[in-house]
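User: I'm new to this and would like a close look at one part. Could you pick a pair of packed helices and walk me through how they sit together?

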Amino acid sequence: MRIERQLLFWFGAGLALLGMIALLSPVLLPFVAGIVIAYFLNPVADRLQRMGCGRMLSAVLIVVAVGVLVAIAAVLLVPFMANQFRQLAETMPVDLAKLEVASNLWLKQLLGDRFPGVVSGLERALADLAQSWTASVGAIARALWSQGLAIVNFLSLLLITPVVVFYLLVDWHPMLQRVDGWLPREHAGTIRRLANEINEAVSAFIRGQGTICLILGAFYAGALMVIGLPYGVLIGLLTGVMTFVPIVGWALGFLVAAGTALAHGWPSFALLAQVAIVFGAGMAIDSAVLSPKIVGQRIGLHPVWLIFSLMAFSYLFGFVGMLVAVPVAAAVAVIVRFGLESYLGSMFYTGPGDRDGEPRQKPASHIRSSTGPVS
């Protein structure tokens with residue numbers, strides 16, 4: 001009965017937390033963004049503190065430095081990106097028409113007599129897409145503005161998020177110590193082990209994969225600009241951002257870049273071949289150097305589980321859900337692994353004993369024995 005009450009308590013607490021997130025999601029964006037940014041920058045504050053800076057001075061230096069970088073990016077990069085996006089929206093119908101011509105020639109050689117029926121459907125689809133492209137871009141922009149970047153939320157991001165980041169950086173370790181003191185004493189060691197494993201997965205992904213996104217975004221933008229791909233900087237930076245979701249982000253970026261190269265390079269395939277080389281090199285660099293060196297094997301999140309979590313939480317809670325999807329996915333994965341290992345080591349799985357008199361063998365556990373508080 002005692003275990004059942006504990007399970008009921010934690011299950012109810014989890015449901016209450018999800019309900020509060022859903023209820024308060026319209027106003028949570030600056031706070032959740034502040035928590036994510038502070039979590040990302042906390043190691044920098046720790047390093048500055050070890051170098052002799054006070055914790056408050058370290059927080060001030062970090063917030064000011066990040067603010068200056070954001071301001072520089074807003075002045076130099078945002079207008080250029082907006083101009084490229086506008087040009088892409090304006091020329092997309094022309095590019096689709098070029099792709100239609102190229103696909104017609106290829107399909108005619110491939111299908112022979114079946115070509116007229118197939119091409120008629122393809123022409124209708126491309127015509128509808130070309131006519132609705134500009135309207136679709138405007139609708140998407142209006143939806144993003146009304147749901148995620150309304151003026152109040154935008155101002156709150158600018159004004160509230162830096163304050164949240166500052167105070168979290170200053171009080172990070174005292175807060176963790178207070179939370180550690182609230183843990184139920186009987187299960188404190190187990191909770192600490194699980195929290196450390198969750199922290200390893202989340203920090204490896206957010207800090208490691210975030211760093212990889214920045215590096216790959218700069219690589220793709222620079223390489224696509226060098227080979228002369230139209231809108232190469234925009235496509236490259238967006239590909240870098242989308243690589244936050246492994247494989248899927250790379251594939252989407254390659255499809256967009258390949259379509260653009262085919263539309264602007266037809267009938268020559270030289271530009272398309274160069275795009276393929278750039279994206280192949282990016283994947284090789286990521287797989288052979290960046291991911292092993294920066295992230296390693298600490299994430300423990302299957303890509304399918306990660307994609308599902310991002311889609312589910314963004315659908316349920318909007319942009320706030322997207323920000324908390326990875327930590328929640330990591331926490332759930334760790335708890336599920338712990339529950340499975342507990343089950344495999346219990347008599348519910350092994351039984352009271354082997355009928356031949358041999359002792360039971362418990363499966364090896366990979367959960368670390370560290371009991372220190374999460375950093």
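Analyst: Here is a walk through one helix pair, with a little context around it.

First, a word on the model: it is predicted, so local features need pLDDT of at least 70 and side-chain atom pairs count only at pLDDT 80 or more, while totals for chains, interfaces and linings use all residues. Residues are numbered from 1 along each chain as its sequence is written, and side-chain values use heavy atoms, with hydrogens and water left out.

Now the overall picture. The chain has 11 helices and zero strands; helices here are DSSP runs of H or I with at least four residues, strands are runs of E with at least two, and both are numbered from the N terminus. Of the 375 residues in the chain, 32% are buried (buried means under 20% relative accessible area, exposed over 50%, partly exposed in between, using a 1.4 Å probe and protein chains only).

On to the pair. Two packed helices are described by the angle between their axes and the distance between the axes. Our two are α6 (residues 188–226) and α7 (residues 232–242), whose axes come within 7 Å and cross at roughly 160°. Those axes are lines fitted to C-alpha atoms over the stretch in contact, and angles run from 0 to 180 degrees between N-to-C directions. That makes α6 and α7 roughly antiparallel to each other (over 145 degrees; under 35 is roughly parallel, 65 to 115 roughly perpendicular, and the rest oblique). The crossing of α6 past α7 is right-handed, meaning that the near helix is turned clockwise from the far one by less than a right angle.

Who touches whom? On the α6 side, the residues in contact include Cys213, Gly217 and Tyr220, and on the α7 side they include Val233, Gly236 and Gly240 (contact means heavy atoms within 4.5 Å). By class, this contact has 10 nonpolar, five polar and no charged residues. Ala, Val, Leu, Ile, Met, Phe, Trp, Tyr, Cys and Pro count as nonpolar, Asp, Glu, Lys and Arg as charged, and the others, Gly among them, as polar.

Cys213 deserves a second glance: it is buried because its relative accessibility is 11%. A search of the whole structure finds zero disulfides, a disulfide being a pair of cysteine sulfur atoms within 2.5 Å.

Finally, look at the loop between α6 and α7, where you'll find Tyr231. Its phi is near 60°, a positive value in a residue other than glycine. Tyr231 is also buried, with a relative accessible area of 8%.
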